[in-house]
Amino acid sequence: MNEAQLEIEKQMELLKELLNQGNITEFREEFLATHTYEQGQFYLGLTKEERQKMYHFLSPNEMGDMFEIIEEDEESVEIYLEEMDLQYAADMLGAMYADNAVDILKQLEKQQIKEYLALMDEESANEIKELLHYKDETAGAIMTTEFVSIVANQTVRSAMAILKSKAPEAETIYYVYVVDTDDTLVGVISLRDLIINEDDALISDLMSERPVFVTVDDDQNDVAKTIRDYDFLAVPVVDDGDHLLGIITVDDIIDVIDDEATSDYSGLAGVDVDETTENPFIAASKRLPWLITLLFLGMSTASLISRYEVMVSDASILAVFISLITGTAGNAGTQSLAVAVRKLATKEDGQTNFGKMILSEIMTGLVTGLVTGVTIFFVVGIWKHNFILGFVIGMAMLCAITVANLAGSLIPILMDRLGFDPAVASGPFITTLSDLTSVLIYFNIAALFMSYFIGTN
């Protein structure tokens, strides 16, 4: 632990001591001088009784500043709000940036949302209501309406005066958006340009007249790509008529990227990797649906193997290599799945040739399968002194890996075309499907050469 971390830890201990002593003056002085991230971490480490004291020590506005950066699971957010006085919680949500307040409210029941909105000031409630109407995971759902806009026919001096007056409520002031009398977006100018130019210069002469924007119904992933590609700190959001509705800041996009990454990992693993509950029964209930589904799919594999029971009894050596072939094919399919999901997640409109991608995966499967098959051919041939058996295992490996690669890339593409999240084609599902196809391939190839190793064990 470095000196900075030790200092933070000492600060947390001091804050807790002052809180428990009821020393409101010193606690407020120390707490409000602490970075909001550290404030949030301190809050999350408290007991319910200690948090109750904080609600009496801090105003709703001060608590709202801290809640802006708290990112907890849904259950915890609801618990924290229920601990507060109803009016206090409503005032806190109203003091937050509208988009962040919406993120919290969307985790609650509709009746709870109505109660909080009814207790807020009218302006804050209206802003939040407007954002609540947008479809989840769209630009409208993650934008904020706290931004600064000016008109083109004013000077830098007057624009700076507007910026200074609106800055306290704006989420970011690094970009100032230029609109006409109908609030149509016509340009953008940076804070830097406002600072370095003469006070009498006209905004129309300085602004960029071709601002990059997103529409209110755009998917949040597309918004993230826009901000990434242009290295923006924020991007404006417009409606179908190019009227400026709000902005999306880079901190919101970081949350989107984090959520999408978590979703992809959860899909690939067939489990919620963001699972925070310590209750084993709740954790099991979340994992069991996929496991039960895969269990029945696995039974298909077991049933298929039972059809070749006579073949295995005549040449028991075949049973030795079942898990080797199915396991290797499953691993290859999972690799192909991961690559396909990543390509789909980062594709640009009209730039992804799916046919080319599938062909590439087939060729990759053939190459990896050939190398793996040749390797196992020599290993088995030398080990069992039977190169015919080695050929069967090697050929089965080649075919199984190729088919698994094809399935791993084709299934997520089909799901994407059907409008489903391609990450739902999870690793366990692909692995189990590969087991089924690998067994079928293995025993059908082995059946062609049975006369060479009947009685071998």
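**View 1. Asp231, an exposed residue in a loop of the predicted model.** In this predicted model, Asp231 has a relative accessibility of 65%, and because residues over 50% are classed as exposed, Asp231 counts as exposed. The residue sits in the loop that lies between helix H15 and strand S5. Its backbone is worth a careful look, since Asp231 has a positive phi of about 55 degrees although it is not a glycine.

**View 2. The open sheet formed by strands S4, S5 and S6.** Three strands make up this open sheet, in the order S4-S5-S6, and their pairing is mixed. Strand S4, residues 214-215, and strand S6, residues 244-249, are the edge strands, each of which pairs on one side only. Strand S5, which covers residues 234-238, pairs with S6 in the antiparallel sense, and five bridges connect the two. Within this part of the sheet, Val238 stands opposite Leu244, a residue of S6.

**View 3. Helix H15 lying across the sheet.** Helix H15, made of residues 220-230, lies across strands S4, S5 and S6, and runs at about 135 degrees to S5. The loop between H15 and S5 is where Asp231 of the opening view is found.

**View 4. His385 in the loop between two helices.** Helix H21, residues 354-384, and helix H22, residues 387-417, are separated by a loop in which His385 lies. The relative accessible area of His385 is 71%, so this residue is exposed. Its phi is near 55 degrees, which is a positive value in a residue other than glycine.

Note on methods
Residues numbered from 1 in each chain as written. Predicted model: local features only at pLDDT ≥ 70, side-chain atom pairs only at ≥ 80, totals over all residues. Heavy atoms only, no water. Pairing = 2+ DSSP bridges. Helix = DSSP H or I, 4+ residues; strand = E, 2+ residues; numbered from the N terminus. Contact = heavy atoms within 4.5 Å. Axes fitted to C-alpha atoms, helices over the stretch in contact; angles between N-to-C directions. Buried < 20%, exposed > 50% of the residue type's maximum accessible area, 1.4 Å probe, protein only.
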